[in-house]
Amino acid sequence: MKHLLIIGAGGVSRVATVKSAMTMAKGEAFSKITLASRTKSKCDEIAAFIKERVGVDIATAEVNADDTAAVASLIKEIKADLLLNLALPYQDLTLMDACLKAGIPYIDTANYEHPDTAHFEYKEQWARHDKFKDAGLMALLGSGFDPGVTNVFCAYAKQNLFDEITEIDILDCNAGDHGYPFATNFNPEINLREVSAKGRYYENGKWIETEPLSEHFSWDYPKVGERESYLMYHEELESLVKNIPSLKRIRFFMTFGESYLRHMKCLENVGMLRIDEVEHNGVKIVPIQFLKTLLPDPATLGARTKGRTNIGCVISGSKDGKPRKVYIYNVCQHEDCYAETGAQAVSYTTGVPAMIGAKLVAKGIWAGKGVFNMEEFEAKPFMDELNANGLPWEMIEMPC
């Protein structure tokens with residue numbers, strides 16, 4: 001039984017902390033939970049929600065996730081056994097270094113992003129592999145849904161369904177409606193940087209770049225219906241190409257409504273998505289950060305959001321000398337997520353896998369020395385936990 005330290009107090013953290021508390025209440029994996037962020041009052045609100053709903057007490061603390069020494073000091077002070085990073089991707093490296101300094105395992109849900117560059121890759125986190133290995137510690141990267149569950153779906157297919165995998169399409173549909181003309185379902189700065197970036201996919205040994213949202217097609221999502229799906233770059237493509245060397249092609253698609261795309265394009269055209277500093281009335285501001293203050297807080301969308309998400313992988317290859325194609329996916333209902341955790345499905349589908357990753361590390365079911373991605377471990381224990389914790393998966397055999 002381990003003492004889990006969770007850093008961050010947004011919507012994803014809310015879900016992961018609630019689910020971790022439920023796990024602790026059942027006497028599994030965690031003996032204590034501490035929730036810490038720069039704003040302790042947010043942690044206290046989540047702790048009060050958990051006490052009322054789950055009947056479990058969790059500890060809270062204030063910490064600056066940008067300060068490696070401060071985080072390491074907190075780890076040692078409270079005697080935490082592992083750290084779950086649910087802060088911003090900008091803070092991945094400082095928190096990894098804090099774990100190295102304090103001597104505990106590290107788990108996150110998204111790869112490192114430099115605040116001044118809209119560029120997503122694992123390079124700087126993978127570069128810490130030897131340090132974690134030499135320290136006898138484990139770092140688990142990308143334990144969210146995409147990346148995260150999508151990686152595990154692919155690993156499950158590789159380990160159980162195929163002799164060789166040649167093509168993967170990752171399909172992410174959020175068909176929820178929050179009623180606002182424009183809002184983002186997770187951190188606006190991260191979301192808009194990601195969506196407005198150039199697309200990228202892997203085919204026949206090469207990475208191919210596309211203009212933002214220029215390639216798209218319609219897909220019939222089970223229990224949702226047809227939605228226009230746009231090609232983007234997502235970090236799990238990078239690790240899956242590395243860890244499934246038989247791949248000939250892998251792509252990532254996400255759905256967007258016309259209203260979202262129209263608003264985003266307008267904001268981009270007038271410079272509101274810029275990530276560099278501009279001077280306004282003698283004060284330097286970053287436009288996209290200013291925009292973040294104007295948009296609805298994603299953590300407040302739960303009560304308003306109706307509808308479903310559907311996220312999954314279409315995987316093609318061969319089994320026993322014959323072509324095979326499967327679609328593995330999860331469907332999640334926004335209203336059900338809010339009723340259970342006080343957060344909508346986008347936070348839920350990331351927060352639940354974050355808890356599962358921490359649980360498997362805490363129990364030693366997933367173990368290693370160094371820096372790892374999700375698909376490098378046995379998939380079945382994670383798949384079983386999805387079914388047990390509110391994210392049941394389904395599979396369809398598809399015509400080749």
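1. Buried means under 20% relative accessible area and exposed over 50%, with partly exposed in between. On that scale K265, which has a relative accessible area of 46%, is partly exposed. The model is a predicted one, and the points below should be read accordingly.

2. K265 forms a salt bridge with E268, and the closest N and O atoms are 3.4 Å apart. Both residues belong to helix α10 (residues 258–269), where they are three residues apart, about one turn of the helix. The partner, E268, is partly exposed as well, because its relative accessible area is 30%.

3. Two other salt bridges join parts that are distant in sequence. K363 and E28 meet through their side chains at 3.9 Å, N to O. K363 lies in the loop between α13 and β17 (370–373) and E28 in the loop between α1 (11–25) and β2 (30–37), so this pair ties together parts that are 335 residues apart in sequence. With a relative accessible area of 43%, K363 is partly exposed; E28, at 23%, is partly exposed.

4. The second of these bridges is between D163 and K319, with 3.6 Å between the closest N and O atoms. D163 sits in the loop between α7 and β7 (164–174), while K319 is in strand β15 (residues 308–319), so the bridge ties together parts that are 156 residues apart in sequence. D163 counts as exposed because its relative accessibility is 51%, whereas K319 counts as partly exposed at 28%.

5. In total, a search of the whole structure finds 21 salt bridges. A network of salt bridges links K26, E28, K359, K363 and E385. The bridge between K363 and E28 was described in point 3.

6. On the nonpolar interior, the largest core has 93 residues. Those with the most contacts inside this core are L84, I168, L192, F256, I315, W366 and F382. Helix α13 (residues 345–362) gives the most to this core, contributing ten residues. A second, separate core has 29 residues, including I7, A36, I78 and V371.

7. L84 deserves a look of its own. Not counting residues up to four places away in sequence, L84 touches L4, L5, I6, I7, A16, I107, A354 and A358.

8. F153 is found in helix α7 (residues 149–160). F153 counts as buried because its relative accessibility is 0%. Leaving aside neighbours within four places in sequence, F153 is in contact with F145, I311, G312, C313, I315, I328, Y329, N330, M383, L386 and W393. F153 and N387 are 234 residues apart in sequence, and their C-alpha atoms are 13 Å apart in space.

9. The structure holds 14 aromatic pairs. Y202 and W207 form one that is edge-to-face, with 5.3 Å centre to centre and 65 degrees between the planes. Y202 is buried at a relative accessible area of 13%, while W207 is partly exposed at 31%. In the pair of F256 and Y260 the ring centres are 5.2 Å apart and the planes are at 20 degrees, so this pair is stacked. Both F256 and Y260 are buried, and F256 is also among the residues with the most contacts inside the largest nonpolar core.

10. Ring pairs also link F217, W219, F253, Y327 and Y329 into a cluster. Y329 is, in addition, one of the contacts of F153.

11. Two charges sit over tryptophan rings. The charged end of R200 is over the ring of W207, 4.4 Å from its centre; W207 is the residue that pairs with Y202. K242 lies over the face of W126, at 4.0 Å from the ring centre.

12. Some backbone points should be checked against the model. Most residues other than glycine have a negative phi, and most peptide bonds are trans. A cis peptide bond joins D146 and P147, with omega about 10 degrees. P147 lies in the loop between β6 (138–141) and α7.

13. A29 is not a glycine, yet has a positive phi of about 70 degrees. A29 lies in the loop between α1 and β2, the loop that also holds E28. A29 counts as buried because its relative accessibility is 7%. K223, also not a glycine, has a positive phi of about 65 degrees and lies in the loop between β10 (216–221) and β11 (225–232).

Conventions:
Residues are numbered from 1 along each chain as its sequence is written. This is a predicted model: local features need pLDDT of at least 70, side-chain atom pairs count only at pLDDT 80 or more; totals for chains, interfaces and linings use all residues. Side-chain values use heavy atoms; hydrogens and water are left out. A nonpolar core is a set of buried Ala, Val, Leu, Ile, Met, Phe, Trp, Tyr and Cys residues joined through side-chain atoms within 4.5 Å. Buried means under 20% relative accessible area, exposed over 50%, partly exposed in between (1.4 Å probe, protein chains only). Helices (H or I, at least four residues) and strands (E, at least two) are DSSP runs, numbered from the N terminus. Contact means heavy atoms within 4.5 Å. A salt bridge is a side-chain nitrogen of Lys or Arg within 4 Å of a carboxyl oxygen of Asp or Glu. Rings of Phe, Tyr and Trp (its six-membered ring) pair if their centres lie within 6.5 Å; planes under 30 degrees apart count as stacked, over 60 as edge-to-face and the rest as tilted. A charge sits over a ring if NZ of Lys or CZ of Arg is within 6 Å of the ring centre and within 35 degrees of the ring normal.
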